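User: I am new to this structure and would like to learn how to read it. Could we go through it feature by feature?

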Amino acid sequence: MLDAPTTNTTATLRVLVIGQSPRPEIEEQFALAVPGMRIAVEGALDGMTREEIARDAAPRSDADTLFTVLPSGETTKISKAVVTEKLVGKLGVPGPTLLNCTGAFKGLPERADLVQPSAVLEGLTAALLPKGRLGLLVPVPEQVESLTAKRARPGLEVVAMPLQPLSDEATIEAAGRAMAAHKPDLLVLDCMSYTAADKAILGPIVGCPVLVSIEVAARAAACLLPA
């Protein structure tokens, strides 16, 4: 088995989470994906209280719904529109930057050093599976319809199901069995909060290759750092 790639230990990748920092579990997943890569995590909603998030950053519709994990470990749904506005204000800083979300964000600065995982995943998925059946696990039911439509293309059938990140092993196994019934050719864990441990559980159950978003995005972003 190939070892995970390593990268420059002096360069730092800026990671913008859609919720708040710190996120030690995110740092752990980056370390597993690219050992030695240094990251600096910031949150779009840093500085807001829990009450302010609930009041000012609540989703306005299913299409506006994002899932995030707060530093306390609590999970919540937030507004994509609010997050986008906050991110625009933080993207004036130059340097390699990773947006830690698989949502597609419109209106962000167009920069060659900004990695948006949604675009990376779409490109990799298209390369690996030009035709067939794509399985998607997404964080919340509100995202099933929109992400199914987003990933669909001629010759590709998309089957999407919800599985909340940080679920217990029994819940993950149940989701895997439900997905396996559809016999996907490739499974994408379509949220940056899914982990390598989730992949280890799901892989043998679904019986196909599994892409973990945070692994794919971390390795793509590592390419931007100095050798």
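Analyst: We take the sheets, a hairpin, a helix pair, the cores and some unusual backbone angles in turn. This is a predicted model, in which local features need pLDDT of at least 70 and side-chain atom pairs count only at pLDDT 80 or more, while totals for chains, interfaces and linings use all residues. Residues are numbered from 1 along each chain as its sequence is written, and side-chain values use heavy atoms, with hydrogens and water left out.

User: How do I read a sheet, and what is the strand order in the open sheet that contains β1?

Analyst: Helices (H or I, at least four residues) and strands (E, at least two) are DSSP runs, numbered from the N terminus. Two strands pair if DSSP finds at least two bridges between them. Here 4 strands make an open sheet in the order β2-β1-β5-β6, and the pairing is parallel. The edges are β2 (38–43) and β6 (114–115); each has a single partner strand, so one side of each is left without a neighbour in the sheet. Inside this sheet, β1 and β5 (residues 97–100) run parallel and are joined by 4 bridges. Val17 has Asn100 of β5 as its bridge partner.

User: Which helix packs on that sheet?

Analyst: Contact means heavy atoms within 4.5 Å. Axes are lines fitted to C-alpha atoms, for helices over the stretch in contact, and angles run from 0 to 180 degrees between N-to-C directions. Helix α3 (residues 80–90) packs on the sheet and touches β1, β2 and β5, with its direction at about 155° to that of β1.

User: What order do the strands take in the open sheet with β9?

Analyst: That sheet has 4 strands in the order β8-β7-β9-β10, again with parallel pairing. Its edge strands, β8 (156–162) and β10 (210–212), each pair on one side only. On average, neighbouring strands are turned by 20° against each other, direction ignored. Strand β9 (residues 186–189) runs parallel to β10, with 3 bridges between them; Leu189 stands opposite Val212 there. Helix α4 (residues 117–128) lies across β7 (132–138), β9 and β10, and runs at about 170° to β9.

User: How do β3 and β4 run, and how many bridges join them?

Analyst: They run antiparallel, and 5 bridges join β3 to β4 (residues 75–79). One facing pair is Thr68 and Thr76 of β4. The hairpin has 5 residues between the strands, and Gly73 takes a positive phi near 95°.

User: Is β3 mostly covered or open?

Analyst: Buried means under 20% relative accessible area, exposed over 50%, and partly exposed in between (1.4 Å probe, protein chains only). Of the 5 residues of β3 (residues 65–69), 5 are buried, so the definition of buried puts the strand as mostly covered. Thr65, Phe67 and Val69 point one way and Leu66 and Thr68 the other, all of them buried.

User: How is a pair of packed helices described, and at what angle do α4 and α8 cross?

Analyst: Two packed helices are described by the angle between their axes and the distance between the axes. For α4 and α8, the axes come within 10 Å and cross at roughly 100°. The two helices are therefore roughly perpendicular (under 35 degrees is roughly parallel, over 145 roughly antiparallel, 65 to 115 roughly perpendicular, and the rest oblique). Pro117, Val120, Leu121 and Leu124 of α4 meet Ser213, Val216, Ala217 and Ala220 of α8.

User: Which residues touch the most other members of the largest nonpolar core?

Analyst: A nonpolar core is a set of buried Ala, Val, Leu, Ile, Met, Phe, Trp, Tyr and Cys residues joined through side-chain atoms within 4.5 Å. The largest has 40 residues, of which Leu13, Phe30, Met37, Leu98, Leu137, Leu187 and Leu189 touch the most other members. Helix α8 (residues 213–222) gives the most to it, 5 residues. Another core, of 19 residues, lies apart from it and includes Ala44, Leu66, Ile78 and Leu114.

User: Which backbone angles stand out, such as the phi of Leu166?

Analyst: Most residues other than glycine have a negative phi, and most peptide bonds are trans. Leu166, in the loop between β8 and α6 (169–180), has a positive phi near 75°. At 53% relative accessibility, Leu166 counts as exposed. Lys183, in the loop between α6 and β9, has a positive phi near 50° and is exposed, with a relative accessible area of 63%.

User: Where is the cis peptide bond?

Analyst: It joins Ser21 and Pro22, with omega about 5°. Pro22 is found in the loop between β1 (12–17) and α1 (24–33).
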